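Open the model in your viewer and keep the selection panel at hand. The stops below go from the whole chain to single strands.

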Amino acid sequence: MTRRRMPRPLQFVVLALAALVLSACAGLPTSGPVFAGLKPGAVAPPDFSFIPLKPQDGATPEQIVQGFIDAGTGPDGNWGVAQLYLAPSFRSQWKPNEGTTIDDRSHRTYTKSADDKVTLTITQRATVDATGAYRASDGGRSTLAPFSLAKVDGQWRITKAPNGIVIGADQFSSVYDQYAVMYFDPTWHYLVPDVRWYPSYNAATRIAQNLIDGKPTPWLADSVTSAFPDSISLNVPSVPLSASGVARVELSGPVYSLEPQTLDRMQTQLRASLAGAGVSDVSMTYGGAQVSAGTVATTATRIDSRALVDTEKGFGFLSPGDQVETVAHVSDALKAVQPVGIELSADYAAAAVRTASGAVARVTTEVAALDQRAGLIDPAIDAAGMIWSVPAADPSALEAFGADGKRHAVNSGAWSNASSIRAMAVSRDGTRIAALLDVGGQDVVQVAGIVRGAGGVPERLGDAVQLSALPGRGIDLTWVDDSTVAAVARSGGADDATAVIRQIVGGPSTVTAAPADITTIAGTVGTTVRLRGADRTLYAQRGSNWEQAGTGIRVLATVQGMPPQAQTSG
C-alpha cells in the first residue's frame with residue numbers, strides 16, 4: 001500500500017493540532033517501545049519535517065543571524081529560506097553545499113560587536129564536508145567567522161557569512177540521509193560502501209557527481225578502486241529520474257573507447273550507489289544516446305542468521321533445541337584444541353583461532369600453529385584467507401599469515417598513537433580494519449583502510465580515522481554490516497554499566513544498554529548483534545531488549561560471509 005505524504009505546511013498544522021489534542025488528554029502510555037529519557041536541558045529530536053521561519057520585520061542583527069542558522073534545516077530550493085536572510089547582492093556568493101557543521105544547538109552563543117558584526121560560538125560535534133563525508137569532532141567550543149550585516153530597505157540582512165550551514169545534532173538525521181558511494185575492492189569482487197550524507201532532495205545528482213568526478217574518502221582511497229577513469233566526467237550537473245525511477249546519467253569523455261567490462265563495472269557502481277536514492281535502474285548516456293552496458297557479478301557479504309558458537313556439542317551454527325550444525329572439517333579439527341576466540345572464513349574452509357594457551361592457529365582439516373608471541377588478542381581472517389594477529393601490548397607488531405603459513409609484517413603506523421589494542425576486526429570485503437585501541441588512556445574505535453600488494457598480501461594500513469570514544473573500557477568489537485561496526489564497553493563508574501555502541505563508518509553512533517559481564521560481541525543479519533556473557537549465556541537483541549538465546553556457549557564466533565551454496569539455501 002502506498003501512502004501519500006501530505007504537503008509540509010498541512011503536515012505541520014496536523015501535527016500541531018495533534019499536539020493540542022494530546023495535551024488535553026495526556027496520560028502515561030500503556031504500550032509501545034521504551035526509550036531513554038533526555039538529559040535536563042536537552043533538545044528533543046523532531047518527528048516532522050522542518051519549516052524554517054522567514055525573516056521578521058524589525059529583527060535585530062542577532063535575530064537575523066540566528067534565523068539564518070536555524071534555516072539550515074530547510075534544504076529545499078538550495079536553502080531558499082536561509083537565503084532570504086542574506087542581502088540580495090550576497091546570495092549568489094554564499095555556498096551552502098561547501099560543508100555542514102553539526103553542533104549542540106542548546107550551547108549556541110550569539111554576540112554582536114559595535115561594527116554590526118555578529119559572531120556565533122558553538123560546541124561542535126561533527127562536520128560533513130562538500131563531498132558528504134562525515135567526521136566526528138572532539139566536542140570543543142569554536143567560533144565561526146563573523147557575520148557582517150547591513151540594512152537593506154530598512155531591514156537587517158547578512159552581507160558576509162561563512163559558507164556551509166550549521167545544524168543541530170538532534171536535527172541532522174531529519175535533514176540529511178545516509179547514502180553509499182560504491183567502489184570496488186582491488187580484486188573487483190566486492191562492492192565497498194563509502195558513506196556520504198546529503199539532503200534527500202537532490203541526492204541522486206550529488207551521488208553521481210562524487211562517484212564520477214570525485215574520489216573516495218581520503219582514508220579509504222588506497223584500499224578501493226573505481227571503474228570510472230579520470231577521462232570520464234558527468235556531462236550535465238543533474239541526474240534526472242524517469243517516472244519509473246530510472247536515472248539518466250549523461251557522460252562526457254572518450255566513452256566509446258572503453259572496454260565493455262569497464263562500462264559494465266561503471267554501470268554496476270552507479271546502480272549500486274544510486275539504489276539508496278530510490279533509483280530503480282541507471283541509463284548511462286553519451287551525446288543523448290544510451291550506452292550499452294550491463295552489470296557484473298559481485299560477491300555478497302551476507303552471513304548466516306544463526307549464531308556461530310562452540311559448545312560441549314561442538315563448533316557450528318546454533319539450531320533449534322540447542323543443537324549445533326557443524327562445519328565440515330573445521331568442526332572436527334577444532335576438537336584437537338581448546339579455542340577461546342574463533343573467526344570462520346567466508347567459504348567455511350578455514351578458521352582463525354586463538355587457543356587457551358594463547359597461540360594463534362589456522363584450522364582447516366588440521367590445526368597449524370602460526371603465532372606464539374605472548375599476549376595475543378583474538379585473530380581475524382580476511383577475504384583473501386590471510387590471518388591477522390597482534391599482541392595486545394604492541395599494536396605496531398601487526399602481522400598477517402598466508403595459507404602457506406608465511407608471516408608478513410603489516411605496517412600499522414596508523415596505530416602509532418595507541419598504547420594497546422583490545423580487539424580488531426577486518427571488514428567482510430577485506431578493505432578495512434576496525435580496532436579497539438587505548439589512545440592516551442581513552443578507549444576508542446578506529447578504522448583504517450588496508451593497502452595490499454601482490455596476491456592480496458596486506459602491506460600497510462592507511463590513515464586511521466577515529467569513529468568514537470567509548471564510555472569506558474572497551475571489551476570487544478565486530479562488523480555488523482558493510483558500513484557499521486559495533487563495540488561493547490563497560491563504563492567503569494559507580495554503576496559499571498555495559499553498553500553496545502553502534503558506529504556508522506562515516507556517520508554518527510548510537511548507544512544501547514546491554515547486560516552485565518559481557519565478553520564477546522558478534523554481528524548478525526541486519527543491524528542487530530549477539531552478545532556472550534561471562535556465564536556462557538548467549539543474548540540476542542529484540543528491539544530494545546536482550547533475550548536469552550542459549551546457554552553453555554564456550555565461544556561466540558564471527559564469520560566473514562557465506563559460501564555460494566549456503567546463500568542459495570539459507
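Start with the surface of the whole chain: the accessible area is about 26300 Å², and 51% of it belongs to carbon and sulfur atoms (Shrake-Rupley method, 1.4 Å probe; for residues, only the protein chains shown count as cover). This is a predicted model, in which local features need pLDDT of at least 70 and side-chain atom pairs count only at pLDDT 80 or more, while totals for chains, interfaces and linings use all residues. Residues are numbered from 1 along each chain as its sequence is written, and side-chain values use heavy atoms, with hydrogens and water left out.

Colour by pLDDT, the predictor's confidence in each residue from 0 to 100. The chain averages 90, and 90% of the residues score at least 70. Now select residues 1–47, where the pLDDT is below 50. Where pLDDT is low, the predicted coordinates should not be read in detail.

Next, select helix 3, residues 76–84 (helices are DSSP runs of H or I, at least four residues, and strands are runs of E, at least two, numbered from the N terminus). Its buried residues are Trp79, Val81, Ala82 and Gln83 (buried: under 20% relative accessible area, 1.4 Å probe, protein chains only). Among the elements covering them are helix 2 (61–70) and strand 9 (176–184).

Finally, show strands 17, 16, 15 and 38, which form an open antiparallel sheet in that order (pairing takes at least two DSSP bridges). Strand 17 (323–326) and strand 38 (555–556) are at the edges with a single partner strand each, so one side of each has no neighbour in the sheet. Between them, zoom in on Val309, whose bridge partner in strand 16 is Gly316.

Definitions and conventions
Contact = heavy atoms within 4.5 Å. Buried < 20%, exposed > 50% of the residue type's maximum accessible area, 1.4 Å probe, protein only.
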